[in-house]
Amino acid sequence: MSSTDSAGLRHDWSLDEVMALHALPLTDLLLRAQTVHRANHAPDSVQLCTLLSVKTGGCQEDCSYCPQSSKYETEVGAEKMLSVDQVLSKARQARATGSTRFCMGAAWRDAKDGPAFENVLSMVRGVRELGLEACATLGMLTDDQARRLADAGLTAYNHNIDTSREHYGEIITTRSFDDRLQTVARVVKAGISVCCGGIIGMGESTRDRCEMLRTLANLEVHPGSVPINALVPVEGTPLADQPRVDPLELTRMCAVARILMPQAMVRLSAGRTELSREAQLLCFMAGANSIFYGEKLLTTGNPDVLEDQRLFADAGLKPMAPYTSSDPTVQATRDKGPIAKPGSVSLAARAIQPAVEPGE
Ligand code: SF4
């Protein structure tokens with residue numbers, strides 16, 4: 001017997017239930033996921049997010065998939081933090097290509113109080129002033145840091161659980177699964193939307209994949225966004241020799257995430273460049289409704305952006321409008337997203353402009 005919260009969302013999924021969903025014939029799973037998707041989201045809208053590394057490399061954690069870890073010999077070295085001006089310039093470029101969410105990542109085990117954190121707060125304020133949603137991923141947070149990020153206007157905080165509790169120790173040893181959940185709880189408490197998902201293709205079992213999704217769906221508050229990543233094996237990391245993920249496995253994960261967390265944005269994240277147009281559309285049909293977009297942010301003729309714009313045009317998809325409310329209670333806990341709000345037309349129009357100049 002299942003119970004639902006006041007929004008009609010379940011938080012009591014059993015592993016058997018999730019595994020049964022995951023094992024459905026793919027066409028049946030897609031139909032169920034698409035039905036849930038249409039009841040909760042505009043079926044033709046996809047959120048465009050841009051991700052920028054504001055502090056690259058030299059991280060003390062040992063995440064086996066990550067070239068930014070200082071524990072592994074990779075081509076990614078430790079770099080200086082970008083300045084606030086540099087970041088806001090990138091944010092303007094992202095806005096000009098149609099992105100509505102700007103995500104800033106720092107390769108930190110945890111955020112340290114001091115000038116670097118103050119800079120992040122300035123970046124968040126600046127991004128919000130541009131009319132973009134602001135997301136950050138800075139490692140573990142204290143309650144006070146979460147509150148200060150919320151006060152600066154942060155829309156969402158990304159902190160992935162990566163995999164199941166059981167498989168976690170195979171992937172990361174420098175922090176625990178519970179450390180992760182603790183920061184997620186702090187973010188919720190501060191009234192910031194949680195962005196939390198995981199990665200497949202790291203040697204985990206189907207059971208691990210289902211358990212990861214079950215953990216997210218059974219949180220007291222569903223994450224506002226659920227990134228579903230396919231491992232991109234990187235030379236020099238312990239997972240460099242993992243085989244590529246089959247796109248149909250990614251599709252299944254998107255579909256199960258959509259069914260378990262009907263109101264979340266399901267984000268097709270790392271590994272998307274390996275997917276054909278058809279495989280990406282299958283993921284959208286499975287309920288994915290958010291992508292990372294234009295990461296390279298070239299000034300003109302960015303082929304990644306152009307490819308995405310062609311895909312959107314050919315498939316009749318349109319970019320989702322950003323939040324416009326400054327009311328923190330609207331930003332809080334859930335970012336199921338603005339559906340067909342006024343203003344989305346101009347964003348859609350902007351998103352099909354092929355050329356972008358720096359500094360807009
Ligand atoms: S915490 Fe983030 S940056 Fe650091 S090694 Fe892990 S994934 Fe990479």
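The following legends describe close-up views of a predicted protein model.

**Figure 1. Overview of the predicted chain.** The protein has 13 helices and 10 strands. Of its 360 residues, 49% are buried. Among contacts between residues at least 6 apart in sequence, 79% join residues at least 24 apart.

**Figure 2. The shell around the ligand.** C59, E61, C63, C66, Q68, S69, A107 and G139 surround the ligand. Sorted by class, this shell contains 4 nonpolar, 3 polar and 1 charged residues. Two of its members, C59 and E61, reappear in Figure 3 as contacts of R109.

**Figure 3. The loop that carries R109.** R109 is situated in the loop between β2 (101-106) and α4 (115-129). R109 is classed as partly exposed because 15 other C-beta atoms lie within 10 Å, a count between the limit of 12 or fewer for exposed residues and that of 20 or more for buried ones. Apart from neighbours within four places in sequence, the contacts of R109 are C59, Q60, E61, G139 and M140. R109 and T174, which are 65 residues apart in sequence, have a C-alpha to C-alpha separation of 9.0 Å.

**Figure 4. The loop that carries E73.** E73 is found in the loop between β1 (45-55) and α3 (84-96). With 9 other C-beta atoms within 10 Å, E73 is exposed, since the limit for this class is 12 or fewer. T237 is 164 residues from E73 along the chain, yet the C-alpha atoms of the two residues are separated by 7.3 Å.

**Figure 5. Strand β7 and its enclosure.** Strand β7 spans residues 225-230, and 6 of the 6 are buried, so the strand is largely enclosed by the rest of the structure. In a regular strand, side chains alternate between the two faces of the sheet. In β7 both faces are covered, with S225, P227 and N229 buried on one side and V226, I228 and A230 buried on the other.

**Figure 6. Parallel partners of β7 and the connecting helices.** Strand β6 (residues 198-200) pairs with β7 in the parallel sense over 3 bridges, and G198 has I228 of β7 as its bridge partner. From β6 the chain crosses through helix α8 (residues 206-217) to β7, forming a right-handed β-α-β crossover. Strand β8 (residues 265-268) also pairs with β7 in the parallel sense, over 4 bridges. There, V266 of β8 is the bridge partner of V226. The path from β7 to β8 runs through α9, and this β-α-β crossover is likewise right-handed.

**Figure 7. The largest nonpolar core.** In soluble globular proteins, nonpolar side chains tend to be buried together. The largest nonpolar core of this model has 95 residues, of which A136, Y157, C254 and A257 touch the most other members. Helix α9 (residues 247-260) supplies the largest share of this core, 8 residues. Beyond neighbours within four places in sequence, A136 is in contact with M104, V120, V124, L149, L154 and Y157.

**Figure 8. Helix α5 and the residue that follows.** In helix α5 (residues 143-152), the buried residues are Q145, A146, R148, L149 and A150. An α-helix has 3.6 residues a turn, so residues three or four places apart point the same way. L149, one of the buried residues of α5, is also a contact of A136 in the view of the core. Just after α5, G153 adopts a positive phi of about 105 degrees.

How values were computed
Residues numbered from 1 in each chain as written. Predicted model: local features only at pLDDT ≥ 70, side-chain atom pairs only at ≥ 80, totals over all residues. Near = placed C-beta within 6 Å. Nonpolar A, V, L, I, M, F, W, Y, C, P; charged D, E, K, R; others polar. Helix = DSSP H or I, 4+ residues; strand = E, 2+ residues; numbered from the N terminus. Core = buried A, V, L, I, M, F, W, Y, C linked by C-beta atoms within 7 Å. Contact = placed C-beta atoms within 7 Å. Pairing = 2+ DSSP bridges. Right-handed = clockwise from strand over helix to strand, strands pointing away.
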